[in-house]
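Q: Please walk me through one helix of this complex in close detail. Then set that part in the context of its own chain and of the partner chain.

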Amino acid sequence: MTAVGNEKGKLWGLLAEFASPQDLVRAAARVRDAGYTKWDAHTPFPVHGLDGAMGIRTTRLPFFVLAAGVVGTASGLLMQWWMNAIDYPLIISGKPFNSLPADIPVTFELTVLLASLTAFIGMLVLNALPRFHHPLFRNVAFRRATTDAFFLAIEATDPRFDLERTEQLLVLEHATRVFPVEG
Amino acid sequence: MGVATIDRVSRDNTSTDPTVRAPLILPGNDYASITEKVCRIVEAPKPPKAWYVAFGVAASLTGVLGAMVLYLITTGVGVWGLNKPVSWGFDITNFVFWVGIGHAGTLISAILYLFRQKWRTGINRFAEAMTIFAVICALLFPGIHVGRIWLEYWIAPLPNQMNMWPNFRSPLLWDFFAVGTYFTVSLCFWYMGMIPDIATLRDRATTNVRQIAYGIAALGWNGSNRHWHRYERAYLLLAGLATPLVLSVHSIVSFDFATSMLPGWHATIFPPYFVAGAIFGGFAMVLLLAVPCRSWFGLKDVITPRHLENMCKILLATGMMVGYAYAIEFFISWYSGNPAEGFVFINRAFGPYAWAYWTMVFCNVVTPQVFWSRRARSNPLVIFAVAACVNVGMWFERFVIIVTTLSRDFLPSSWNSYSPTWVEGLTLAGSFGLFFTLFLLFLRFLPMVAMAEVKAIMPLPHDPVRR
């Protein structure tokens, strides 16, 4: 497992480092326009404009969160109605068994609880995390991706991938270094 | 960009000159230096001596807390000074105090995020940590004050041998759902925000233990932009959900009082009054923690004078909201024409607990007024002193609300007075021990500044012109 790939290992893809976020955004737009599909950018923080340059489609996460919120509201209302008005009617200061206004706080909290847990867990699931191994982690230079380095990685399984041409594209786009990465 | 502009970027970022944009992070920093400054706190082989001293004191107090709780559970709530009709004393005072502290963390992490207040990135991480630890302290008190704690599961809507369900019309049950949800959501928000920074610590790890521990906690984060896209969306959604949540939590805490019939509690102003008070008290705690931390851990470039100044302004504003609520309570008690209401408020200000009332007014309404002065807002010692005062005042506010009302309700024949026992005193001290123990462990092992978020608001590096 060397930092630089060797010919014996199976090639996972190419990793290119860029000097600045601006360079990365321009390179990403080029790679997108060249028709690559299995590639990604790796940055220490979310870079403005990179989503568009990569052509990332907006995530479906908000719909899952909305659905979870609706489930929370419905289950909160149903639970309180069934428990306090049907299964064990409680007489409290002459109020109706099904007293909706008193059910609102718990309903609201359950809505927020389910929606929030879905936002958090849904983000991880859609991102396929946790994933403790990734070929890129073999590259020592890649460790700075969480500090101050800006990377673009193209996978060898991409139909348009060609070791020489892809490398040339990245170099032309001002990549400061290009590393082959073993799978 | 003219030369003049460059000259005027000084290290004092509290300038009010509208022609100069004050830097959010002091000049002379880049991405690497931010990582270095934050990570070296956690990576240093040994923490500063002050950390050991503070940890020793805090951990001992936590031990005292454990002993007091054990004594309470094995003996009964009679070890506290509660009586009839004062059945809530230090226990619920401490609960409301601690849960209020937490609110500032959520305000900074969620509400200021929605309002695009970029300066929040310097302080949001440790303010969120403060929220988590304060809510842990808060949850302890309703947990132990019920007496027979082994029957606590009765509060949850679980099938039980009595075939009974909890009463959902009770605000105490709403409280259980509100604080429980608040804790869970705050924990998700805090942990999610930390994932990229824990990945930084993993990538810088020099030992196997650190690499594995941080590696597991980072969940394999690799900075992928496809991940960042969903992450940012999830962060926005969580901020949007946490904002009404935090307002609901202290509103529901206030319902514990406001939905009762007791004079002094039965007031419609309680929900907004409690929320403002919670944010006020919470910001005081953030300042109390930020002022020493930024100088002990060399973070003055990230937690800048401007951060302190902004927080002082929030303290001043929320302090006056609280002062307004105090005044309006008096006005309404007179305007309602209800003699019981009128008596309770006269009794608050001039009765046996007048000393507590005037301590509260002095600490919460008078002391923050020094922040009208810019010099006071930029003097860390003054800030620390006022923040300490406000914490004392906000604790007394809850004490005054709870004890003055309970000890003097409608029927003079049932009046009684309340004084805490040594067990209650040590339990309160112990809860501070628990809070600071957790906070000191956080400072030692986790990144106390949200590095990825700070980097995202820094000016981009110079763009090389390409053709």
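A: Start with the burial criterion. A residue counts as buried if 20 or more other C-beta atoms lie within 10 Å of its own, with C-beta atoms placed from the backbone. Note too that this is a predicted model.

The part to look at is helix H2 of chain B, residues 31-43. Its length first. H2(B) has 13 residues, which should span 18 Å at 1.5 Å a residue, and the end C-alpha atoms are indeed 18 Å apart, so the two values agree.

Now burial. Which residues of H2(B) are buried? They are B:Tyr31, B:Ile34, B:Thr35, B:Val38, B:Cys39, B:Ile41 and B:Val42. One general point helps in reading that list. An α-helix has 3.6 residues a turn, so residues three or four places apart point the same way.

What do these buried residues pack against? Their partners are three helices of chain B: H6 (171-204), H15 (422-445) and H16 (451-457).

Step back to the whole of chain B. The chain has 16 helices and zero strands. Its radius of gyration is 24 Å, and the globule rule gives 23 Å for 467 residues, so chain B is as compact as a globular protein of that length. The C-alpha trace spans about 90 × 55 × 40 Å along the principal axes. Buried residues make up 49% of the 467. Among contacts with a separation of 6 or more, 82% join residues 24 or more positions apart.

A second helix of chain B is worth setting beside H2(B). This is H4(B), residues 90-114. H4(B) has 25 residues and reaches 36 Å from first C-alpha to last, close to the 36 Å expected. H4(B) also carries a kink of about 40°, centred on B:Leu107. Of its 25 residues, 23 are buried, so H4(B) is largely enclosed by the rest of the structure. After the helix comes B:Arg116, with a positive phi near 55°.

Now the partner. Chain A has five helices and four strands. Their order along the sequence is β-α-β-α-α-α-β-α-β. The radius of gyration of chain A is 25 Å, whereas a compact globule of 183 residues would have one near 16 Å. Its C-alpha atoms fill a box of roughly 80 × 30 × 30 Å along the principal axes. Chain A is divided into domain 1 (11-58 + 136-182) and domain 2 (61-126). The C-alpha centres of these two domains lie 44 Å apart. Buried residues come to 43% of chain A.

Last, where the chains meet. 58 residues of chain A are in contact with 54 residues of chain B. On the chain A side, the elements giving two or more residues are H1 (21-33), S2 (39-42), H2 (50-54), H3 (61-87) and H4 (100-126) of chain A. H4(A) gives the largest share of that side, 16 residues. By type, the chain A side divides into 35 nonpolar, 14 polar and nine charged residues.

Back to the part in question. H2(B) agrees with its expected span, and its buried residues pack against H6, H15 and H16 of chain B.

Key
Residues are numbered from 1 along each chain as its sequence is written. Chains are lettered from A and ligands numbered from 1 in the order in which they are written. This is a predicted model: local features need pLDDT of at least 70, side-chain atom pairs count only at pLDDT 80 or more; totals for chains, interfaces and linings use all residues. The radius of gyration is taken over C-alpha atoms; the globule rule is 2.2 Å times the number of residues to the power 0.38. A residue is buried if 20 or more other C-beta atoms lie within 10 Å of its own, exposed if 12 or fewer, and partly exposed in between; C-beta atoms are placed from the backbone. Two residues are in contact if their C-beta atoms, placed from the backbone, lie within 7 Å. Ala, Val, Leu, Ile, Met, Phe, Trp, Tyr, Cys and Pro count as nonpolar, Asp, Glu, Lys and Arg as charged, and the others, Gly among them, as polar. The expected span of a helix is 1.5 Å times one less than its number of residues. The bend at a residue is the angle between axes fitted to the seven residues ending there and the seven starting there. Domain bounds come from an automatic or database domain assignment.
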